[in-house]
Every structure is written in C-alpha cells, then in structure tokens.
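Visitor: Before we look, I would like each label you use to be justified by the value behind it. Could you take me through the model in that way?

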Amino acid sequence: GGWLLLQNCHLGLEFLSELMDTIATTESMSEGFRTWITTEAHPEFPINLLQSSIKFTNEPPQGVKAGLKRTYSAVTQDHLEVSNMPQWRPLLYAVAFLHTTVQERRKFGPLGWNIPYEFNQADFAASVQFVQNHLDDMDIKCGVNWSCVRYMLGEVQYGGRVTDDLDKALLNTYARVWFGEHMFSEKFCFYKDYVIPKGKTVEDYLQYIEQLPVIDTPEVFGLHPNADITYQTNLANETLSTIVSIQPKDSSTGGGETREAVVQRLADEMLEKLPPDYNPHEVKAQLQKMGAIQPINIFLHQEIDRMQHVISRVRTTLTDLKLAIDGTIIMSEELQDALDNMYDARIPKLWFRISWESATLGFWFTELLERNQQFSSWLQDGRPNQFWMTGFFNPQGFLTAMRQETTRMNLAKGWALDSVVLHNEVTKMMKEDVAGPPPAEIGGVYIYGLFLEGAGWDRRNSKLVESTPKVLFTSLPVVHVYA
C-alpha cells in the first residue's frame, strides 16, 4: 500500500516500458499503491504510460498578480517579523517582485531573455535568506550596503544562472533601478500603480496584491507595448499549430479530394518549378573565371553547395512521395511526415533541418526559388551591385569574406584582419535605386532585405523612430556595409 517515487524518468526511458508491463501484469495489488513519476517533457516518453496516468504539471503562474500571490501565500507571519529592521518588509516585497518579473519576461521569447533561463523558487529563497542575513549583520549607522545587495541579486543569486552578457546587463539594471535608498521614498514605484505596499501582516500584503490588474502591460517589465503583440501572435500560432497537428489524418476529406490527391498535385507543381541541379564542373569553371580564391567567391561556392543539398533533398522527397502515394514503394515515417506537413501547408521536417524558417510551405518554396535565383545570376553574370542579405545560409560568413577582401586591398597600408571592424551606413536608396557597386575608395557591399522589429525608420533624416502602433516590422532601405 506504499507509494513508489521514480524521479527524472526522462533519463531512463527503456525502463519505463518494463515498468508498464510490471504494473499491467501484476495480478494482485493493494488499493493504496501508487507509482509517482517525475519527468521532463520528452518526445520518446512511452505514450501508453502517459495515457494511463494522471498528469500534473507545475508551471510558474501567469502575470504579476498571480506570481506575487503564490509567493506571499507561502510567506508566514513569523517570516515577516523575522527582522525588526524597517528595511526588511519592503526588501522582501521587492525581491518577490523581481522574482515574478524575471519569470514573466520568459513568455516574450528573445525579447524577454536571449536565453530562456529556468529561474525557480530556490533562487527566491536564497535571495531572501541573503537579504535577511545582510540586515542582521548590518551596522545601523552605515545602513544597507546597496552595492553588495545589487551584486548578490544581479550577479550571484539570479545572475548565477545567466550566461549571456546582455541578459546579465539587463538583470544588473533591474537591481540598480529597483534596489537603493530611493526604494523607501513615497514616490518610488516599479511602474505606475505598482508600488511597495506598507503592511504589517501577510493579510495586508495579500489584500494589496488582490487589487493589482489581472493582465499586465509589458511596460511593467520595462518592455515596449508592442512586445505584447509578438507574444499574442506567437501564442495564437502555437495554439493553432497544436490544433492542426491533432486533427485526424484519415485519407478522405468528405466529398472532395483525398489528402493524397491534394499532396500529389502539390508535389507535381513543385517539381515543375524546382530549379535544375548545379553542375559542379560548370560551377568550378565559372568561379575560376571570377577568381576562385577571392574570399567572396569562396563564400559563394559554400552557399551553392548548401543550396544544391536543399534542391536534391526536395527533389528526392517529392519523387519518392509520389511513388509512395501510387503504392509503388512503402510509405516510410519520413514520407508520412512530409505528406502530413505538405497537406497542412507546413515545411516537412526533412527539409526544415537543412534550410531556413518560414511561416508556411508556400513562403518557404518561394524563398527557395528567390535564393537560388540570387546564386545562379551571381554565378552567370558576375558579382551583383547589391546582395539580398537575408537570402544567405551564413550571413556572418558573407560579412567575414567582405572584411577579408577589404584587408587584402589595404595590405600595403599594413591592415590586419584582427583590427578591421565593420561599419554600417543606412543609405536613402531602396533596392530599385541601386545603379552600381559602392564607391571604390570605400569599398564594401550594398545589402537589402533587413527589417526592424518594433521600430520605424525615418528615411529623410536617416534615424530610428517609434513604430506606428500595431506595425511590427519596418523594411530598411539599402545598407552600405564596409570595413
């Protein structure tokens, strides 16, 4: 009648099928017996074990109100009175607010944190313990050592998890703006209407938290209101994508065409438009003409190799898929995935792994044709006056090649690659206005295809401006990148 606890079962998936058999085949079992399993989400977790169990997930609460409520429902009156220093309660509340903020920013994806960190209750407990110890050891005349408090919160307790430099700067900014003597003044607020309440009991704090808004504006966390549009869009896309993926996958769709017929027609159309393979000998010959050892031509060769890989993979998948639909060959797991995704206008996993992100299969395929067009016309007609930067597999490599090229041009002046830095200048031209390459004395390249997210561009004065409400992306004019 006892309970069996198995922890971190995602590390021992082979054992779980054995466990399932044991539980299913045991003839007599006590009514009080339970198996309790803890695991991370894992795509290969045995599905029959999942279906026959009661699921329980522990997610951080959504929103400042829910987060603070959860934190304060675990705080006891003794905890509030553990220190008689007047700074103790405001500091406890501020750490709780910081704890909620760092968790809440995660939902905004890369706008919130560059890397989604697993901040948890242990970070909060350790921070509170530190604040308490600091106040106990404090010299009343000198007061709180704020640089120590900020360092411990921003660099050690929460900062200890953070590996990205910009994320670390963000955390330290929170510590600097929220923690200091100014936090005890009447005017202090985290954001308008979000203040540090003055309470004596846990009830007082819970009452204050109860009247906070249920939905917070992103400005509470120091984000632009547009961040919410991005979050809501991603949330809606994720929900719809989940709904689509659990639709029944039967062959017929009522009175209309079958799934297979729809996909077969799509495969025919795509095969018809798919560009021909590159001939390696021709590619080599063309590159020799252009100067095969020039850094930018080496880069072109690498891009063409990757493009050829994508074209071959797409051609093979579509040809095999048509044969599988006709019944000539067996429908493998990968072909089934391609069939399901193509029917839902999504990119098959096989292609996605070796290519680029795109909203739908239609956009992805159009981009394949456009990317290929850039490479083949560059190969046939020589170096273009401007480059579609977002159409490269490795844009970073393109910029490095350009730096190498500039360094070689200036070898006589004693330039070295390590000391050559990139400069960008946003021009007033759109891509249609470009008539020739950049001026020879400056060198560099013209690039287009870049977007600004959550900001606008004033073309007349060449500067960043606030974006118009509800417009997330603004196309930038041609940019001159030189070294």
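Guide: What follows is a set of questions and answers about a predicted model, beginning with its domains and pockets and ending with single residues.

Visitor: Which domains is the protein chain divided into?

Guide: The protein chain is divided into domain 1 (3-52), domain 2 (64-226), domain 3 (257-383) and domain 4 (385-482), and these bounds come from an automatic or database domain assignment. For domain 1 and domain 2, the C-alpha centres lie 39 Å apart.

Visitor: How do you know where the largest pocket lies with respect to the domains?

Guide: The lining of the largest pocket receives residues from both domain 1 (3-52) and domain 2 (64-226), and therefore the pocket lies between them. Its volume is about 1700 Å³, and 41 residues line it, with Ile37, Thr38, Thr39, Phe56 and Thr57 nearest its centre.

Visitor: What makes up the lining of the largest pocket, in elements and in residue classes?

Guide: At least two residues each are supplied by α1 (13-25), β2 (34-37), α2 (47-51), α3 (64-73) and α5 (88-104), and β2 gives the largest share, 4 residues. By class, the lining of the largest pocket divides into 17 nonpolar, 17 polar and 7 charged residues.

Visitor: Why is the second largest pocket placed between two domains?

Guide: Domain 3 (257-383) and domain 4 (385-482) both contribute residues to the lining of the second largest pocket, so the pocket lies between them. The space in this second largest pocket is about 1400 Å³, and of its 28 lining residues the closest to the centre are Asn237, Glu357, Ser358, Ala359 and Thr360. Elements giving two or more residues to this lining are α10 (226-245), α15 (349-352), α16 (361-381) and β6 (451-453), and the largest share, 8 residues, comes from α10. The lining of the second largest pocket divides into 11 nonpolar, 9 polar and 8 charged residues.

Visitor: How do you know whether the span of α16 agrees or disagrees with the expected one?

Guide: At 1.5 Å a residue, the 21 residues of α16 should span 30 Å, and because the end C-alpha atoms are 30 Å apart, the two values agree. Among the buried residues of α16 are Trp364, Phe365, Glu367, Arg371 and Trp378, and just after this helix Gly382 takes a positive phi of about 85°.

Visitor: Why is Gln386 called buried?

Guide: Buried means under 20% relative accessible area, and Gln386, with a relative accessible area of 17%, is therefore buried. Gln386 is found in strand β3 (residues 386-388), and its side chain reaches the backbone oxygen of Lys431 at 2.8 Å. A polar contact requires a pair of N or O atoms within 3.5 Å, and the 2.8 Å of Gln386 and Lys431 satisfies that distance limit.

Visitor: What makes Glu210 and Val156 partly exposed?

Guide: Partly exposed is the class in between buried, under 20%, and exposed, over 50%. Glu210, in helix α9 (residues 202-210), has 40% relative accessibility and so counts as partly exposed, and Val156, in helix α7 (residues 146-157), has a relative accessible area of 36% and is therefore also partly exposed.

Visitor: How many residues, and what distance in space, lie between Val156 and Ser127, and between Glu210 and Ser28?

Guide: Val156 and Ser127 are 29 residues apart in sequence and 9.2 Å apart in space, C-alpha to C-alpha, whereas Glu210 and Ser28 are 182 residues apart in sequence and 50 Å apart in space by C-alpha atoms.

Definitions and conventions
Residues numbered from 1 in each chain as written. Predicted model: local features only at pLDDT ≥ 70, side-chain atom pairs only at ≥ 80, totals over all residues. Heavy atoms only, no water. 1 Å grid on protein atoms, 1.4 Å probe; cavity = no way out; pocket = protein on both sides within 12 Å on 5 of 7 lines; lining within 4 Å. Points joined across faces, edges and corners; volume = space filled by probe spheres on them. Nonpolar A, V, L, I, M, F, W, Y, C, P; charged D, E, K, R; others polar. Expected span 1.5 Å × (residues − 1). Buried < 20%, exposed > 50% of the residue type's maximum accessible area, 1.4 Å probe, protein only. Polar contact = N/O pair within 3.5 Å; in protein donor to acceptor, adjacent residues only side chain to side chain.
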